[in-house]
Amino acid sequence: MASEKALNPPAGECRQCWLHAHDSREQHRHLAPREDCPACVDHMTNGHGDMVVPGSRRWF
């Protein structure tokens with residue numbers, strides 16, 4: 001199960017990028033060693049689309 005942090009990206013972040021970065025083992029467990037994640041590859045090729053959380057991005 002994904003952590004609370006992985007499921008709640010901050011404003012200005014992409015939901016899929018955030019989830020795959022903060023819950024990487026769970027999201028990629030079905031892959032063989034050194035196999036690319038099809039969802040990540042598609043996301044890198046086609047961009048974020050409407051997955052970005054509304055609001056301005058904060059830099060800490």
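This is a dialogue between a student and a tutor about the predicted model shown above.

Student: What should be kept in mind about the model and its numbering?

Tutor: Residues are numbered from 1 along each chain as its sequence is written, and side-chain values use heavy atoms, with hydrogens and water left out. Because this is a predicted model, local features need pLDDT of at least 70 and side-chain atom pairs count only at pLDDT 80 or more, whereas totals for chains, interfaces and linings use all residues.

Student: What is the mean pLDDT of the protein, and where is confidence lowest and highest?

Tutor: The pLDDT, which is the predictor's confidence in each residue on a scale from 0 to 100, has a mean of 88 over the protein, with 93% of residues at 70 or more. Confidence is lowest in H1, with a mean of 83, and highest in H4, at 92.

Student: Which elements does the protein have?

Tutor: There are four helices and zero strands, where helices (H or I, at least four residues) and strands (E, at least two) are DSSP runs numbered from the N terminus. The C-alpha atoms fill a box of roughly 35 × 25 × 20 Å along the principal axes.

Student: Why is His20 called buried?

Tutor: The relative accessible area of His20 is 12%, and buried means under 20%, exposed over 50% and partly exposed in between, with a 1.4 Å probe and protein chains only; His20 is therefore buried. This residue lies in helix H2, where Gln16, Trp18 and Leu19 are buried as well.

Student: What covers the buried residues of H2, and which residues does His20 contact beyond its neighbours within four places in sequence?

Tutor: The cover includes helix H1 (4-7), helix H3 (24-27) and helix H4 (38-46). With contact taken as heavy atoms within 4.5 Å, and with neighbours within four places in sequence left aside, His20 touches Gln27, His28, Cys37, Ala39 and Cys40. The C-alpha atoms of His20 and Cys40, which are 20 residues apart along the chain, are separated by 8.1 Å.

Student: How do you know that Arg29 and Glu26 form a salt bridge?

Tutor: A salt bridge requires a side-chain nitrogen of Lys or Arg within 4 Å of a carboxyl oxygen of Asp or Glu, and the closest N and O atoms of Arg29 and Glu26 are 3.0 Å apart, which gives a salt bridge between them. Side chains of opposite charge can pair when their charged atoms come close. A search of the whole structure finds one salt bridge.

Student: What makes Arg29 exposed but Glu26 partly exposed?

Tutor: Arg29 has a relative accessibility of 61% and so counts as exposed, whereas Glu26, with a relative accessible area of 32%, is partly exposed.

Student: Why is Glu35 called partly exposed, and what does its side chain reach?

Tutor: Glu35, in the loop between H3 and H4, has a relative accessibility of 42% and therefore counts as partly exposed. Its side chain reaches the backbone nitrogen of Ala32 at 2.7 Å, while the C-alpha atoms of Glu35 and Gly49, 14 residues apart along the chain, are separated by 24 Å.

Note on methods: Polar contact = N/O pair within 3.5 Å; in protein donor to acceptor, adjacent residues only side chain to side chain.
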